[in-house]
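Me: Please choose one part of the structure shown below and look at it closely. I am new to it and would welcome a single connected account, with each term explained as it comes up.

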Amino acid sequence: MVSLLGSCLRTTRVFLDPSFSCALYFVHCGHSFHALSSVFVSSLVETFETPHFAKRKLDCQEQCLNSTRQSDIGILVEKVRVGNSHDEILQSLAHDQTCNSIHLSHDLVNRLLFHFKDDWKSALGVFRWAELRGYKHKSEAYDTLVDILGKMKQMDQMEALLEEMKKGQLVTLKTVGKAMRRFSGAGQWENAVRVFDKLGTFGLEKNTESMNLLLDTLCKERKVEQAREIFLELKSHISPNANTFNIFIHGWCKVCRVDEAYWTIQEMRGHGFLPCVISYSTIIQFYCCRCDFCKVYELLDEMEAALGSTPNVVTYTSVMSALAKSEKYEEALEIAQRMRLVGCKPDALFYNSLIHSLGRAGRPQEAVHVFEEEMPSTGIPPNTSTYNSMIAMLCHQAQELKALNLLNEMETSMICKPDVQTYYPLLKSCFRTGKIDSLLRQLLDDMVKKHHLSLDKSAYTLLIHGLCRANKCDWAYCLFEEMIGKDIMPRYRTCCLLLEEVKLKHLYDAAKKIEIVMQKL
DNA sequence: ATAGGGTTAG
């Protein structure tokens, strides 16, 4: 077994997953990529039989159980008619024999709430229905619902739920954080402060941590001046820490008042805290947005010289991406080099950005080298974004076959799965190469059936435009109807294009329907 | 949520 593994390790790359510290069976072989055969997987499983691996196996079993619940979710989702009030939804579920025989678990509730994360009435209806069946919600589920209600600007409902949670002593700092953030996001920063004032009634303490939470929610919503006033009131009872000041630095940068950000650094020093890598990185980020790279380099040098605030992978990644965005590719790659020189360890986000920069710089072979050699040798596993960058780049280079190989690798990967963005460049390539009936159909089918991805506005736009150009406007019109059914409004240009094509084909009913949609835009 | 990325449409 050991020799088998050894020989595999020589010819393949095995990535280490830090969270489980066990081998993930993920293999590169030269230019072609394959997932390991099940035989090989089971041999690895035997080799790595450790407590961590046992946990991984349990997770797999859990996943099998979850797949049966998938059908339960399907039944419930089917029964919930979108657009009804939460009470109507509750009633219709409560009177349904099939629904009432479904076993309720935390996992099922979480998944349902996730499914209805943009539909507060359904979320609330399902939540109440579970209660009616005698199910006791966890604090976590309450938190999710607080978030959903807040996101959909149902502030009264959110407040009521908070009161309910208070009675059951279920309010945590996390709950309060979500509520404050949603109030700030809804333009009601006074209510965010009110929640903070009531902290005691929830059995929580007003301390540095909760104060920082309040200040951060205000700063993120550009209410840094209000945050400042509140801080001045509070600081006699609650002592600030370094985070408090970093929050303000970020707040000032967000409203483009970098002078105040520098001033905050002085204030920080006055309180006995040294500006750290986060303080500097935040200001560097500000200059990146302004494309003021002179200042960026100046600050980078300053940091490298200073103690306690040397740039880290986050700092370098921000700078490199900003340079690439400004089409300064050579400089972007020099940052990567500089990072290597100072011995700063890369991570996945850095590699994603690097691969993207290399692709844009017209150096795809180097991007491939990073992906195939450098990443495996540093033990950093690729994620969905890494694959997406690679696939986009390969499609751009007209190397669709290699791109499809990578897609296949993702599909069989244990680490990450394709998302809608994975498919954009591949779909686009189908139009370029004319492989519409052969490949496009297959890809769309896989997206929906294999990966349960639903097409979004961008995907529909790309497809309708491509199909019109390929003289397949009947298919384009089907997609048009599908997106209307999902309440996704097409762009005006898409309508114009489709209308023109449909008229040429004498499809007058379709033309009429498109015109009706256009009137609403 | 104390900091970081990309992306379609001729």
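Reply: Of the atoms of DNA strand B that lie within 4 Å of the protein, 37% are sugar or phosphate atoms, and the rest belong to bases. The model is predicted: local features require pLDDT of at least 70 and side-chain atom pairs pLDDT 80 or more, whereas totals for chains, interfaces and linings use all residues. Residues are numbered from 1 along each chain as its sequence is written, chains are lettered from A and ligands numbered from 1 in the order in which they are written, and side-chain values rest on heavy atoms, with hydrogens and water left out.

Which residues come nearest to DNA strand B? Of the 32 residues around the strand, these are Asn-243, His-356, Ser-385, His-465 and Arg-491. A residue is near a strand if one of its heavy atoms lies within 4 Å of it. By type, the residues of this surface divide into 16 polar, 9 charged and 7 nonpolar. In this division Asp, Glu, Lys and Arg are charged, Ala, Val, Leu, Ile, Met, Phe, Trp, Tyr, Cys and Pro are nonpolar, and the others, Gly among them, are polar.

Individual atom pairs show both parts of the strand being approached. An N or O atom in the side chain of Ser-385 is 2.6 Å from a base nitrogen of DNA strand B, and a polar side-chain atom of Asp-347 lies 2.8 Å from a base nitrogen of the strand. Lys-220, in turn, has a polar side-chain atom 3.3 Å from a phosphate oxygen of DNA strand B. Two or more residues of this surface come from each of H12, helix H14 (242-254), helix H16 (277-289), helix H18 (313-325), helix H20 (348-360), helix H22 (384-396), helix H24 (420-433) and helix H26 (457-469). The largest share is that of H18, with 6 residues. Helices here are DSSP runs of H or I of at least four residues, strands are runs of E of at least two, and both are numbered from the N terminus.

One of the nearest residues also has a partner within the protein. The side chain of His-465 makes a polar contact with the side chain of Thr-494, at 3.1 Å. Such a contact is a pair of N or O atoms within 3.5 Å; within protein, one must be able to donate a hydrogen and the other to accept it, and residues adjacent in sequence count only if both atoms are side-chain atoms. Thr-494 itself sits in helix H28 (residues 492-504) and counts as buried because its relative accessible area is 1%. Buried means under 20% relative accessible area, exposed over 50%, and partly exposed in between, using a 1.4 Å probe and protein chains only.

The record adds a view of the chain around this surface. UniProt, in an unreviewed entry, places the feature "repeat: PPR" at residues 207-237, 241-275, 312-346, 347-382, 383-417 and 456-490; its positions follow the numbering used here, feature names are shortened, and annotations may be inferred rather than shown by experiment. In the model, residues 207-237 are 77% helix and 0% strand, with end C-alpha atoms 9 Å apart. For residues 383-417, the helix content is 74%, the strand content is 0%, and the end C-alpha atoms lie 8 Å apart.

Several loop and helix residues complete the picture. Arg-222, in the loop between helix H12 (208-220) and helix H13 (224-234), has a positive phi of about 65° although it is not a glycine. Most residues other than glycine have a negative phi. Further along, Lys-235 lies in the loop between H13 and H14 and is partly exposed because its relative accessible area is 34%. The C-alpha atoms of Lys-235 and Met-211 are 9.5 Å apart, with their positions 24 residues apart along the chain. Met-268, in helix H15 (residues 258-270), is buried because its relative accessibility is 0%. Its C-alpha atom is separated by 10.0 Å from that of Ile-249, 19 residues apart along the chain.

Finally, a search of the whole structure finds 0 disulfides, a disulfide being a pair of cysteine sulfur atoms within 2.5 Å. Cys-288 is therefore unpaired in this sense: the nearest cysteine sulfur, that of Cys-289, is 6.9 Å away. Cys-288 counts as buried because its relative accessibility is 6%, whereas Cys-276, at 21%, counts as partly exposed.
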